[in-house]
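Biologist: I would like to learn how to read a model like this, feature by feature. Can we start with the backbone and work towards the packing?

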Amino acid sequence: MAEAKPYDLTEPVATPKTRALLARRLADIVGLPSSRITPRERWIVGDLLYDVIRASDLELRRRCAERLAALSEAPHRLLRTLASDDFEVAQPILERCTALTDFDMMEVINSGTLQHRMTIARREALSETVAAALAAYGEPPVVERLLRNKTAHLAAPTLDHLVGAATEEGSYAALLIRREEMRPAQAFRLFWSCEHIDRFQILDRFAVDRTILLEASEDIFPAAAREGWSDPMVARILRYIDRRQRNREAADTSPYGSLEGVCEAMETEGATSDIIAEISRLAAVERRLVVRMIDDMAGEPLSVLCKATGLKWPFFLHMWRGLGRSDQSDQVEQARRVYDSLSVEKAQTVLRYWNLSAEDKG
């Protein structure tokens with residue numbers, strides 16, 4: 001008897017018609033419900049189908065993907081192979097197959113193309129793990145599609161990463177602001193990377209008063225005072241909660257007499273080191289935060305400072321002119337819109353979040 005030849009995937013042992021028929025039959029068996037096929041049988045058939053499609057042309061692979069896309073149970077090696085294939089093969093699996101696991105999608109994200117990742121980014125109910133993997137690639141079209149996917153779940157570290165990336169990719173800001181997962185600390189950090197319309201949205205959504213905190217901590221302030229404010233963590237949190245923003249004691253020793261006096265002096269003297277130091281001391285905020293507000297070419301941060309410290313609008317203009325800027329600009333109009341929209345309580349919330357962040361960086 002002649003010896004049988006070893007199986008060679010490259011050898012045309014079957015006609016295209018026969019191979020297509022075989023692939024269809026194997027796909028039918030793979031797709032049988034669990035009541036009709038055992039897991040081991042499904043794995044064996046899946047391995048056979050894997051060999052067939054691996055040695056077949058694109059059209060046969062595409063037709064297999066179409067058949068397998070509707071299955072709720074299928075061998076995952078087979079699904080990953082098809083999902084990582086050329087996009088026209090992978091597309092039905094990536095769009096419709098509910099059997100793909102997070103691990104499968106992570107493999108496709110790492111081995112696929114931009115089109116593969118774009119398609120995964122719009123799948124329903126994406127897990128935090130898959131969303132984080134997509135965001136890590138830093139491809140703006142993928143990130144934008146992910147942020148528009150309201151069913152995707154974004155973990156806090158992923159949002160932190162994207163808030164940082166928004167410095168370079170301005171299109172992220174408006175999409176991030178709409179995410180339900182966004183937290184005030186992230187939003188107020190994002191603020192510095194935004195244009196006016198997005199800044200206004202952040203303030204409108206995340207600037208809240210502290211009524212509940214104030215009511216709940218009224219008896220803690222005198223208790224902390226009796227202890228001489230000896231616990232730095234308590235002192236830090238109570239500074240955030242306190243109704244007062246200004247450092248009243250500092251005004252007694254200030255050469256300018258008050259925060260209003262510093263603002264008037266700034267118009268004539270400019271933003272000198274002494275002026276900045278006095279604003280920081282009298283407004284009870286970190287010096288680096290005052291510098292950041294002054295360096296910001298828009299007026300919203302300074303308008304928040306003014307509202308939070310009880311300064312009337314003309315004192316914003318004193319500071320603005322002290323920076324050599326025109327008080328007839330669009331920035332002034334935008335700053336006034338922010339000033340008028342915020343209550344003192346809400347402005348203090350924003351300022352204190354910024355200040356806590358500045359303290360952490362110190």
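Modeller: Start with Trp229, in the loop between α15 (220-226) and α16 (232-241). Keep in mind that this is a predicted model.

Biologist: What is the phi of Trp229?

Modeller: The general idea comes first. Most residues other than glycine have a negative phi. Here, Trp229 has a phi near 50 degrees, a positive value in a residue other than glycine.

Biologist: Is Trp229 buried, partly exposed or exposed?

Modeller: The relative accessible area of Trp229 is 40%, so Trp229 is partly exposed.

Biologist: Which residue in the loop between α7 and α8 (128-136) should I look at next?

Modeller: Go to Ala125, which is found in that loop. Phi of Ala125 is near 55 degrees, again positive in a residue other than glycine. A glycine can be set beside these: Gly270, just after α18, takes a positive phi of about 85 degrees.

Biologist: Let us stay with α18. Which of its residues are buried?

Modeller: Helix α18 spans residues 259-269. Its buried residues are Leu259, Gly261, Val262, Cys263, Ala265 and Met266. They pack against α19 (273-283), α20 (287-295) and α22 (313-322).

Biologist: What happens at the start of α18?

Modeller: Look at Ser258 there. One of its side-chain oxygens comes to within 3.4 Å of the backbone nitrogen of Glu260.

Biologist: Now helix pairs. How do α6 and α7 pack?

Modeller: Two packed helices are described by the angle between their axes and the distance between the axes. For α6 (residues 102-111) and α7 (residues 114-121), the angle is about 145 degrees and the axes are 8 Å apart. The crossing is left-handed. On the α6 side, Met105, Val108 and Ile109 make the contact. On the α7 side, His116, Arg117 and Ile120 do so. By class, that gives four nonpolar, one polar and one charged residues.

Biologist: On to rings. How many aromatic pairs does the structure hold?

Modeller: It holds nine. A pair of aromatic rings is described by the distance of the centres and the angle of the planes. Take Phe188 and Phe206: 6.5 Å centre to centre, with 75 degrees between the planes, an edge-to-face pair. Phe188 sits in helix α12 (residues 184-190) and Phe206 in helix α13, so the pair ties together parts 18 residues apart in sequence. Both Phe188 and Phe206 are buried.

Biologist: Why is the pair of Trp192 and Trp354 called tilted?

Modeller: The planes of Trp192 and Trp354 lie at 45 degrees, with the ring centres 4.8 Å apart, so the pair is tilted. Trp192 is in the loop between α12 and α13, and Trp354 is in helix α24 (residues 344-361), so this pair ties together parts that are 162 residues apart in sequence. Trp192 is buried at 13% relative accessible area. Trp354 is buried too, at 4%.

Biologist: Which residues do ring pairs link into a cluster?

Modeller: Phe188, Phe206, Tyr240 and Tyr353.

Biologist: One charged residue to finish. Is Arg199 buried or exposed?

Modeller: Arg199 belongs to helix α13 (residues 196-206). Its relative accessibility is 4%, so Arg199 counts as buried. Leaving aside neighbours within four places in sequence, its contacts include Trp192, Asp296 and Glu300.

Biologist: And which case shows the exposed class?

Modeller: Ile44, in helix α2 (residues 39-54). Its relative accessible area is 52%, so Ile44 is exposed. From Ile44 to Pro75, C-alpha to C-alpha, is 9.3 Å in space and 31 residues in sequence.

Notes. Residues numbered from 1 in each chain as written. Predicted model: local features only at pLDDT ≥ 70, side-chain atom pairs only at ≥ 80, totals over all residues. Heavy atoms only, no water. Buried < 20%, exposed > 50% of the residue type's maximum accessible area, 1.4 Å probe, protein only. Helix = DSSP H or I, 4+ residues; strand = E, 2+ residues; numbered from the N terminus. Contact = heavy atoms within 4.5 Å. Polar contact = N/O pair within 3.5 Å; in protein donor to acceptor, adjacent residues only side chain to side chain. Axes fitted to C-alpha atoms, helices over the stretch in contact; angles between N-to-C directions. Left-handed = near helix turned anticlockwise from the far one by under 90°. Nonpolar A, V, L, I, M, F, W, Y, C, P; charged D, E, K, R; others polar. Phe/Tyr/Trp six-rings, centres within 6.5 Å; stacked < 30°, edge-to-face > 60°.
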